[in-house]
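Reader: Please choose a single part of this structure and examine it closely, together with its surroundings. I should like the criteria behind each term to be stated.

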Amino acid sequence: MSKLRSEIESDYGAVRQVHVRAFGGYTEADLVDRLRGSPGSISLVATEANGMAGHILFTPARVEGNPVRVAGLGPMAVSPSRQRSGIGSALVLRGLEECRRAGYQAVVVVGHAEYYPRFGFQRGSNFGLWCQFDVPDEVFMAIELQPGALSGGGELQYAREFSEV
Ligand SMILES: CC(C)(COP(=O)(O)OP(=O)(O)OC[C@H]1O[C@@H](n2cnc3c(N)ncnc32)[C@H](O)[C@@H]1OP(=O)(O)O)[C@@H](O)C(=O)NCCC(=O)NCCS
């Protein structure tokens, strides 16, 4: 049984290891280290008796020419030995709740096209939204936390640190 809570400083090393193991490399772990602590970010961990099981990060993004308050989901990772046991889903659902509470009106993600729709994410293109990065249509997804929030559409720009990957 895992427990969800906000990340604290003493988690940083273990969270880094979860990303390294889940992604099989350092790119996402390094990105998390760069993004951490940026104003408006939401960082949640799933812990278990034997250690860190998962992590999810949301950082403020923006839609060019549109004042909507939008958060970018990611990176997120669950320790390989603990995948497919509901931890990722719990982190996404709690994260969306925290984003809503923090006043975000929408959340975007670049990720697995088969995974995020179960939480209500749709293709960004359904909202007239496109990603600043050149990614396939089906992997750039969005969810409105406030109905109609994304109706203006536009280009989604992630926090600057994403461009340094
Ligand atoms: C993607 C990830 C975060 C999901 O976490 P999780 O705890 O395993 O997910 P859950 O247990 O909540 O959900 C399991 C479901 O997700 C599906 N799923 C897991 N990884 C998936 C993937 N890469 N693509 C599509 N579906 C995936 C499983 O098939 C399962 O579906 P089912 O419920 O229909 O059987 C985790 O697998 C992970 O860390 N993967 C490596 C890193 C990564 O890809 N991060 C996300 C980048 S967008």
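Author: The account below takes up one helix, then its neighbours, and then the whole chain.

The model is predicted: local features require a pLDDT of at least 70, side-chain atom pairs count only at pLDDT 80 or more, and totals for chains, interfaces and linings use all residues. Residues are numbered from 1 along each chain as its sequence is written.

The part chosen is α1, which covers residues 12–23. Helices (H or I, at least four residues) and strands (E, at least two) are DSSP runs, numbered from the N terminus. The 12 residues of α1 should span 16 Å at 1.5 Å a residue, and the 17 Å between its end C-alpha atoms agrees with this; the expected span is 1.5 Å times one less than the number of residues.

Val15, Val18, His19 and Ala22 are the buried residues to consider in α1. A residue is buried if 20 or more other C-beta atoms lie within 10 Å of its own, exposed if 12 or fewer, and partly exposed in between, with C-beta atoms placed from the backbone. Seen down the axis of α1, its buried residues fall within an arc of 95 degrees, so they line one face of the helix. The arc is that of the directions from the helix axis to the C-beta atoms. An α-helix has 3.6 residues a turn, so residues three or four places apart point the same way.

The cover over the buried residues of α1 includes α2 (27–35), β2 (42–48), β3 (51–63) and β4, where contact means C-beta atoms, placed from the backbone, within 7 Å. Just after α1, glycine 24 has a positive phi of about 70 degrees.

In α2, the buried residues are Glu28, Ala29, Leu31, Val32 and Leu35. Viewed down the axis of α2, they fall within an arc of 160 degrees, so they line one face of that helix. These residues of α2 pack against α1, β3 and β4. Glycine 37, with a positive phi near 85 degrees, follows α2.

The ligand provides a further setting for α1. A shell of 17 residues surrounds the ligand, the closest being Gln83, Gly88, Ser89, Gly111 and His112; a residue is near a molecule or strand if its C-beta atom, placed from the backbone, lies within 6 Å of it. Each of α1, β4 (66–78) and α3 (87–101) supplies at least two residues of this shell, and the largest share, 4 residues, comes from β4.

Strand β4 also contains proline 75, which is joined to glycine 74 by a cis peptide bond with omega about -5 degrees. In the loop between β4 and α3 lies arginine 84, a residue other than glycine whose phi is positive, near 60 degrees. Arginine 84 is exposed, with 9 other C-beta atoms within 10 Å.

As for the whole protein, its secondary structure comes to 3 helices and 9 strands, in the sequence pattern β-α-α-β-β-β-α-β-β-β-β-β. Buried residues make up 38% of its 165 residues.

Methods. Contact = placed C-beta atoms within 7 Å.
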